[in-house]
Amino acid sequence: MSTPRLDIDLAKIRHNAATLVARLRRPGISVTGVTKACLGDPCLANVLLKAGVGGLGDSRIENIETMRRAGIRAPMTLMRAPMPSQVDRVVALADTSFNTELSVIRALSQAACKAGRRHAVVLMVELGDLREGIMPDDLDAMVRATLLLPNIDFKGIGTNLACRSGVVPDAQNMGELSRLADGLDRRFGPVISIVSGGNSSNLQWALNGADTGRINDLRLGEAILLGLDPLHRRPITGLHTDAITLVAEAIESKDKPSRPWGAIAQSAFGAMPGITDQGPINQTLLAIGRQDVDPAGLTPLQDIEILGASSDHLILDTSKCKVSVGSEIGFQLNYSALLRAMTSPFVTKTFVQPDDHRPSAPVLPTRSKPIGNFQQCH
Ligand SMILES: *Cc1c(COP(=O)(O)O)cnc(C)c1O
């Protein structure tokens, strides 16, 4: 198989998605399956739909277009506020978009009229993380104006936390979102059918058994793909954390000193960290680099240490686990490493399709053992 590549086990992803869909059913919350980390790959989208998500969400219209071209008909939400230059595509491809600017909603309305379509709008509210959102005091005026626009269906409100500033979704900010929904229904309505509480970092709040109020939708990406709670990057019980593996190939393996020699200035990526002399080590180079992956987000599956990375090379200490040139080395990825690897045209994506007649592999306790055909340690 070609390297570098991402091995994506769709049976494990389906298990993760179905498990979260089932757990959130009790508090009455449906799941929007988020496809952006996989660039809207139709294989992933279909697996999420089979697992029972209510619809698909992506932040880029290009990814939504990929899924539409593959014939996927499910409801799709553009979760990043539309670019004014893209409103025609948004109206043509997405059922719903998240919005914060009246001028953009007006442009969506015009585009929808021109296309003879209707477009649904969810207004995003700022609740402290300071990324997108309308300040709560300005919400009434926005709703009033949105309700008047032709071919626009105002569907509800949402918020997004923990992405820019790490603000934790809790009873207080989620309670405020519920109260805002109640207030809008009282003054305008009933007008609110969607109250979208947030992303994977809302799971702790949503599943702790307390009242979840009006929140009836969460948009989940990382928790489904990586099985992790993004607030502390801890595994979520019962979910696979090894559904996606990065595999790269060794192109050099030699005993070398651990300390560089010569006068030291900056490297290609800034100042060098101090390197302590550990004497000679076995050093291996892999044919993958910063252009393909965030090296800080990789965890080797074997007893190997990552020493550094340049544009096209990953440098490993393989003293405890000798590697021969041409062999494959596997890694788990965090969200940042996954995003970059998915986006690199040099990384092949290999999907392992679920076998509909077999249950998925058992969930392994936290970190998994080396899998596949990786060379074993000597
Ligand atoms: C990416 C994104 C999500 C999904 O976040 P995860 O942490 O991957 O679950 C949800 N909402 C918005 C607006 C997003 O951009």
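A residue counts as exposed when its relative accessible area is over 50%, as buried when that area is under 20%, and as partly exposed in between. By that rule K114 is exposed, because its relative accessibility is 65%. The structure is a predicted model, and this report walks through its ligand site, its strands, its salt bridges and some local backbone features.

**The ligand site**

The ligand is surrounded by 13 residues. The closest are K36, S200, R219, G221 and E222. Three side chains have polar atoms placed against ligand atoms. For K36, an N or O atom of the side chain is 2.7 Å from a ligand oxygen. For S200, a polar side-chain atom lies 2.5 Å from an oxygen atom of the ligand. N160 faces a nitrogen atom instead: a polar atom of its side chain is 3.4 Å from a nitrogen of the ligand. The ligand on its own has 390 Å² of accessible area, and the protein covers 93% of that.

**Strands around strand 12**

Strand 12 (244–257) has several pairing partners. Strand 1 (5–9) runs antiparallel to strand 12, with 4 bridges between the two. In that pairing, D7 is matched with T245 of strand 12. Strand 17, residues 328–333, also pairs with strand 12 in the antiparallel sense, over 4 bridges. Here E249 has E328 as its bridge partner.

Strand 13 (280–286) is joined to strand 12 by 7 bridges, again antiparallel. The bridge partner of P257 is P280 in strand 13. E252 is partnered with L285. Strand 13 is mostly covered, with 6 of its 7 residues buried. Strand 13 also pairs with strand 16, residues 314–317; 4 bridges join these antiparallel strands. In this pairing T284 stands opposite L316.

The loop between strand 12 and strand 13 holds I264. I264 is exposed, because its relative accessible area is 54%. I264 joins M272 and I275 in a nonpolar surface patch. Together the three have about 270 Å² of accessible area.

**Salt bridges**

How many salt bridges does a search of the whole structure find? The count is 14. Three of them are set out here.

| Pair | N to O distance |
|---|---|
| E65 and R89 | 2.6 Å |
| K114 and D88 | 3.3 Å |
| D153 and R118 | 2.9 Å |

The E65 and R89 salt bridge links distant parts of the chain: E65 is in helix 3 (residues 61–69), R89 is in helix 4 (residues 87–93), and 24 residues separate them. E65 is buried, because its relative accessible area is 19%. R89 is partly exposed at 33%.

K114 and D88 form a salt bridge that also links distant parts of the chain. K114 is in helix 5 (residues 102–115), D88 is in helix 4, and the two are 26 residues apart. D88 is partly exposed, because its relative accessible area is 42%.

D153 and R118 meet in a salt bridge across 35 residues of chain: D153 is in strand 7, while R118 is in the loop between helix 5 and strand 6 (119–124). Is D153 buried or partly exposed? D153 is partly exposed, because its relative accessible area is 26%. R118 is partly exposed too, at 49%. Elsewhere, R5, D7 and E328 are joined into one network by salt bridges that share partners.

**Local backbone features**

Where are cis peptide bonds found? One joins T3 and P4, with omega about -10°. P4 sits in the segment before strand 1. Another joins G189 and P190, with omega about 20°. P190 sits in the loop between helix 7 (171–188) and strand 8 (194–198).

Positive phi values also turn up outside glycine. L39 has phi near 55°. L39 lies in the loop between strand 2 (30–34) and helix 2 (42–50). L39 is partly exposed, because its relative accessible area is 36%. N151 has a positive phi of about 65° and is not a glycine. N151 lies in the loop between helix 6 (139–147) and strand 7 (152–158).

D58 belongs to strand 3, residues 55–58. D58 is buried, because its relative accessibility is 0%. D58 and C38 are 20 residues apart in sequence, with their C-alpha atoms 9.8 Å apart in space.

Definitions and conventions. Residues numbered from 1 in each chain as written. Predicted model: local features only at pLDDT ≥ 70, side-chain atom pairs only at ≥ 80, totals over all residues. Heavy atoms only, no water. Patch = residues over 30% accessible without salt bridge, like charges linked within 9 Å, V, L, I, M, F, W, Y side chains within 5 Å. Areas by Shrake-Rupley, 256 points an atom, 1.4 Å probe, with all protein chains shown as cover. Salt bridge = Lys/Arg side-chain N within 4 Å of Asp/Glu carboxyl O. Buried < 20%, exposed > 50% of the residue type's maximum accessible area, 1.4 Å probe, protein only. Near = heavy atom within 4 Å. Polar contact = N/O pair within 3.5 Å; in protein donor to acceptor, adjacent residues only side chain to side chain. Pairing = 2+ DSSP bridges.
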